[in-house]
Amino acid sequence: MYVRHVWRGCLITGLVALVTGLVVDKARGVQPGQPPAPGGVEAMQVLTRGPVHEAFAGAVTFDPEAGLLVRERPPQAIEELPPDQRLEGDNVTWIPGYWAWDDERTDFLWVSGIWRNLPPGRQWVPGYWGLSGPDFQWISGYWADAQVSEIEYLPEPPATVEAGPNSDAPSADQTWLPGSWVWNENRYAWRPGFWSAVQPNWVWTPAHYVYTPRGYVFIDGYWDYPVARRGVLFAPVYFSSGTYAQRGFSYSPRTVINLGAFVDNLFMRPRYQHYYFGDYYAANYHDAGFFPSYSVNSGRYGYDPIFAHERWRNRQDSAWEQQVATTYRHRRDHAEARPPRIWTSPGASGVGDVVSAVRNLVGVSLDQASRSQDSAWRFQAIDQTERERLGQHGREIQRFRDQRQQLETQAAAAATDPVRRSEPTRVRLPTSPIAAKPTVRPDRDYTPPKTHAAPPLDMFVRPQPRTDRSTDQPPRHTTLRPPLDTPKPQPQPKVERPETPRGQPQPQPKMERPEMPRGQSQPQPKVERPETRSRDRKPAGPPASGAKPDEDKSPGKGKGKGKS
């Protein structure tokens with residue numbers, strides 16, 4: 001869809017799956033000497049599409065819902081070690097990966113950990129798989145205020161009334177920020193959207209809510225880095241059954257996703273509260289709730305700050321947004337124009353020279369990126385001791401995740417009756433192991449702008465309960481359905497009609513009309529109306545017996561919407 005250059009000098013239009021340039025055992029994270037997977041199945045597949053780590057880019061939805069449900073129990077988190085090279089930076093840290101559900105495989109895949117330049121003033125609260133009856137439900141992670149030690153759980157927010165800009169932009173350097181409901185004096189009040197100046201080196205994540213088993217958590221708006229400055233995103237992987245359960249197994253991601261191509265192939269799945277990248281172009285993905293990012297801000301289901309920032313960067317090109325939509329439609333209708341789904345080694349059997357060139361010209365390995373003089377980032381090597389310390393850091397994050405799950409599960413169990421669940425409650429949560437340090441650099445690249453001054457609350461907007469979801473987004477996700485990328489249905493058989501003699505027109509139903517004397521015009525069909533005394537006046541007396549006076553059928557009367 002739209003391409004941005006992260007590593008300067010790279011002109012890439014496809015999805016980026018990087019050549020690792022490493023030995024197979026190390027690249028796959030499988031310890032030497034382990035037996036191959038049964039049945040000749042690869043122990044691990046490096047995927048060039050899939051869900052995006054929530055800590056790298058979190059979805060903003062207007063009417064958040066409970067996460068998707070799966071019947072299968074998610075595996076225990078694997079032993080994931082960070083790569084032996086890290087990004088330089090005062091606020092760069094390693095955030096481990098997690099299991100995510102793959103609808104088409106009807107199995108879990110691993111969303112690899114990331115190097116993340118932490119957004120200023122925020123702490124990461126990781127997501128988890130929780131029990132919901134006989135199923136398992138994904139509860140999303142979020143970036144909380146680093147100064148907050150208590151989490152407030154609120155009743156379900158009303159249906160959004162955000163409908164986009166209500167006026168033209170004051171200038172090309174301003175972008176629309178959507179409105180949201182805010183808990184105010186024991187009720188929800190509407191905070192309208194507004195135009196605001198764009199900051200070239202920063203992306204504003206607007207206020208939104210995240211669902212939890214106890215209630216909804218309000219995340220106020222905050223500044224984050226543009227995609228090119230957020231860190232290093234590694235490719236997700238799929239392990240064959242039993243591979244990660246072997247004794248002594250560990251995994252270290254080595255396959256990097258080029259963020260320019262990542263932005264060019266970005267989708268949002270509001271039902272799962274996730275971004276997705278890669279090949280989700282087939283028409284039935286849209287039906288299943290995967291929306292191209294350019295269409296999110298024009299809909300009623302969410303807001304994409306990444307696309308909003310890219311649109312501002314291309315503000316001088318009036319045709320840019322239309323070109324993005326055209327590119328999406330072309331890839332939707334032409335499978336050969338879509339990016340590959342699985343990374344294939346250059347020497348893999350059955351892969352032609354042309355295909356290999358396409359797959360391997362789209363990026364560089366982590367080792368090559370760290371040595372590049374054109375990289376937007378600078379890397380530094382870390383020794384084994386530092387890697388082990390970071391591995392321990394990952395276990396601390398896992399314990400923090402478990403603490404969150406326990407607290408929210410207990411709070412939900414203690415509020416079973418509807419009255420109590422409709423009341424807000426506060427729960428003290430330990431400080432996250434992933435929290436941004438105070439900014440020490442005075443330059444504008446690391447010191448965020450001032451927080452937006454939002455308009456006053458509009459107390460005249462009446463909260464309305466949510467209604468059924470639109471047909472654009474199915475009320476139930478696609479778990480355990482057949483693969484989404486299925487062939488289009490065959491056309492229906494043609495209905496045969498009785499043949500008529502060649503040259504003879506198809507007979508039309510005959511309209512019986514009374515004969516009129518020659519020279520007299522044909523009368524028009526008579527419309528029955530109440531008897532009137534003159535052409536423009538109604539009778540002053542009552543209607544005839546059995547008749548009713550005309551009702552006022554002016555458009556909208558009795559059916560108009562309330563003030564919103």
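1. Leu109. In this predicted model, Leu109 counts as buried because its relative accessibility is 3%, and buried means under 20%. The residue lies in strand 8, residues 107-111. Beyond its neighbours up to four places away in sequence, Leu109 touches Leu47, Pro51, Tyr98, Trp99, Ala100, Asp102, Pro236, Val237 and Tyr238. Pro75 is 34 residues away along the chain, and its C-alpha atom is 9.9 Å from that of Leu109.

2. Strand 26 and its partners. Pro51, one of the contacts of Leu109, stands opposite Tyr276 in strand 26. Strand 2 (residues 50-51) pairs with strand 26 over 2 bridges, in the antiparallel sense. Strand 25 also runs antiparallel to strand 26, and 4 bridges join them. Here Tyr276 is the bridge partner of Phe267. Which residues of strand 26 are buried on each face? His274 and Tyr276 are buried on one side, Tyr275 and Phe277 on the other. Both faces of the strand are thus covered.

3. The turn at Gln273. Strand 25 and strand 26 form a hairpin, with 4 residues between them. Gln273 is found in that loop, between strand 25 (266-269) and strand 26 (274-277). Its phi is positive, about 55°, although Gln273 is not a glycine. Most residues other than glycine have a negative phi. Is Gln273 buried or exposed? At 9% relative accessibility, Gln273 counts as buried.

4. Glu185, for comparison. Glu185 also has a positive phi, near 55°, and is a residue other than glycine. It is found in the loop between strand 16 (180-183) and strand 17 (188-191). The setting is exposed: the relative accessible area of Glu185 is 70%, and exposed means over 50%. Anyone checking backbone torsions can take Glu185 and Gln273 together.

5. Ser180. Strand 16 also holds Ser180. Ser180 is buried, with a relative accessible area of 8%. Leaving aside residues up to four places away in sequence, Ser180 touches Ala189, Trp190, Arg191, Ala207 and Phe218. The C-alpha atoms of Ser180 and Val161 are separated by 8.2 Å, with the two residues 19 apart along the chain.

6. The sheet 4-12-11. An open sheet is formed by 3 strands in the order 4-12-11, with antiparallel pairing. Strand 4 (69-70) and strand 11 (128-132) stand at the edges. Each has a single partner strand, so one side of each is left without a neighbour in the sheet. Strands of a sheet pair through backbone hydrogen bonds. Strand 11 and strand 12 (residues 135-139) run antiparallel and are joined by 5 bridges. Within that pairing, Leu131 has Phe136 of strand 12 as its bridge partner. Helix 9 (residues 384-413) packs on the sheet and touches strand 11 and strand 12. The direction of helix 9 makes about 25° with that of strand 11.

7. Helix 9. What span should the 30 residues of helix 9 have at 1.5 Å a residue? The expected value is 44 Å, and the end C-alpha atoms are 44 Å apart, which agrees. The buried residues of helix 9 are Arg387, Leu390, Gly391, His393, Gly394, Ile397, Phe400, Arg401, Arg404, Glu408, Ala411 and Ala412. The buried list therefore includes charged side chains as well as glycines: among them are Arg387, Glu408 and Gly391.

8. Arg338. Arg338 is found in the loop between helix 6 (320-333) and helix 7 (353-360). It is buried, with a relative accessible area of 15%. A polar atom of the Arg338 side chain lies 2.7 Å from the backbone oxygen of Arg332.

9. The chain overall. The protein chain has 10 helices and 30 strands. Buried residues make up 46% of its 564 residues. Consider contacts between residues at least 6 apart in sequence: 75% of them join residues at least 24 apart. The accessible surface of the chain comes to about 31200 Å². Carbon and sulfur atoms account for 50% of that surface.

How values were computed. Residues numbered from 1 in each chain as written. Predicted model: local features only at pLDDT ≥ 70, side-chain atom pairs only at ≥ 80, totals over all residues. Heavy atoms only, no water. Buried < 20%, exposed > 50% of the residue type's maximum accessible area, 1.4 Å probe, protein only. Contact = heavy atoms within 4.5 Å. Areas by Shrake-Rupley, 256 points an atom, 1.4 Å probe, with all protein chains shown as cover. Pairing = 2+ DSSP bridges. Axes fitted to C-alpha atoms, helices over the stretch in contact; angles between N-to-C directions. Polar contact = N/O pair within 3.5 Å; in protein donor to acceptor, adjacent residues only side chain to side chain. Expected span 1.5 Å × (residues − 1).
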